[in-house]
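Biologist: Got a minute to walk me through this one? I'd like the overall layout, then the pocket and the charged pairs.
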Amino acid sequence: MHEGENLERILLKEQLGYYRLQRHDFLNHGQVIMGYLQLGKNEKALEYMRTAIRGLEAEQSVGQIPQETAGAIILGFIISLQKEGIPVEFYLEKQMKTELYWKEFWQEEYGQALYGYTNECIRILYEKYRGIDGKHPDVYLDLEGCNGFFFHLKVMQGEKVVWENRLELVKNVQNMELND
């Protein structure tokens with residue numbers, strides 16, 4: 001993190017940057033679609049729209065996370081990879097869409113751990129895949145929450161897993177008993 005700044009301030013700055021990037025992308029997408037339509041290439045416009053929408057599905061799923069810090073960190077992770085042409089699919093376990101899960105489990109220090117972890121994963125993925133010619137790998141991200149917080153990252157080339165990593169944040173039983 002940046003010296004003297006708290007995590008929420010850093011996330012706010014990052015989210016504003018992502019918003020500017022997305023606004024630019026949306027305007028560009030609109031112009032491309034209008035161009036295809038003006039040329040009478042309706043099928044090309046539809047194909048382009050389907051591709052653009054597919055890229056937004058992971059971001060839409062992140063919007064179902066009611067915990068703002070976790071949602072902002074994961075959204076930043078996804079957008080950072082997508083802007084480099086690395087597609088991300090995101091799977092969110094059903095219980096993690098509930099306020100109750102986050103109220104019972106989330107601790108402030110988990111934000112620091114998740115932020116550090118995602119930034120390290122981005123660094124590693126950029127080193128391996130940024131600026132390469134050819135097909136980028138697909139990134140699959142699972143967020144699970146049975147008795148803890150599990151962030152499971154798989155990088156695939158076709159059917160082959162080329163890199164895999166997990167972050168596990170588990171409340172110890174002692175802390176759970178004190179908070180009940």
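Modeller: Sure. This is a predicted model, and of the 180 residues of the chain, 37% count as buried.

Biologist: What elements does the chain have, and in which order do they run?

Modeller: There are six helices and four strands. Starting at the N terminus, the order is α-α-α-β-α-α-β-β-β-α.

Biologist: And what box do the C-alpha atoms fill?

Modeller: Roughly 65 × 35 × 30 Å, taken along the principal axes.

Biologist: OK, pockets. How much space lies in the largest pocket?

Modeller: About 720 Å³. It is lined by 27 residues, and the closest to the centre are Thr-51, Arg-54, Gly-55, Leu-56 and Gln-82. The elements giving two or more residues to that lining are α1 (7–38), α2 (42–62), α3 (68–82), β1 (88–92) and β2 (138–144).

Biologist: Which element gives the largest share of the lining?

Modeller: That's α2, with nine residues.

Biologist: How does the lining divide into nonpolar, polar and charged?

Modeller: The lining of the largest pocket has 14 nonpolar residues, six polar and seven charged.

Biologist: Back to the surface. Which residues make the nonpolar patch?

Modeller: Leu-46, Met-49 and Ile-53 make a nonpolar surface patch of about 240 Å². Ile-53 sits in helix α2.

Biologist: Why does Ile-53 count as partly exposed?

Modeller: Because its relative accessible area is 47%, and partly exposed covers what falls between under 20% and over 50%. Ala-52, also placed in helix α2, is partly exposed too, at 22%.

Biologist: Switching to charges: how many salt bridges are there?

Modeller: The count comes to five. Arg-123 takes part in one with Glu-120, where the closest N and O atoms are 2.3 Å apart, and in another with Glu-127, at 2.4 Å.

Biologist: Where do Arg-123 and Glu-120 lie?

Modeller: Both are in helix α5 (residues 108–129), three residues apart, about one turn of the helix. Arg-123 and Glu-127 are four residues apart in α5, so about one helical turn separates them as well.

Biologist: Is Glu-127 buried or exposed?

Modeller: Glu-127 is exposed, with a relative accessible area of 59%. Arg-123 is partly exposed at 37%, and Glu-120 is partly exposed at 35%.

Biologist: Which salt bridge links distant parts of the chain?

Modeller: Glu-144 with Arg-166, at 3.6 Å from N to O. Glu-144 is in strand β2 and Arg-166 in strand β4 (residues 160–169), 22 residues apart.

Biologist: And which residues do shared partners join into one network?

Modeller: Glu-120, Arg-123 and Glu-127.

Conventions: Residues numbered from 1 in each chain as written. Predicted model: local features only at pLDDT ≥ 70, side-chain atom pairs only at ≥ 80, totals over all residues. Heavy atoms only, no water. 1 Å grid on protein atoms, 1.4 Å probe; cavity = no way out; pocket = protein on both sides within 12 Å on 5 of 7 lines; lining within 4 Å. Points joined across faces, edges and corners; volume = space filled by probe spheres on them. Nonpolar A, V, L, I, M, F, W, Y, C, P; charged D, E, K, R; others polar. Patch = residues over 30% accessible without salt bridge, like charges linked within 9 Å, V, L, I, M, F, W, Y side chains within 5 Å. Areas by Shrake-Rupley, 256 points an atom, 1.4 Å probe, with all protein chains shown as cover. Salt bridge = Lys/Arg side-chain N within 4 Å of Asp/Glu carboxyl O. Buried < 20%, exposed > 50% of the residue type's maximum accessible area, 1.4 Å probe, protein only.
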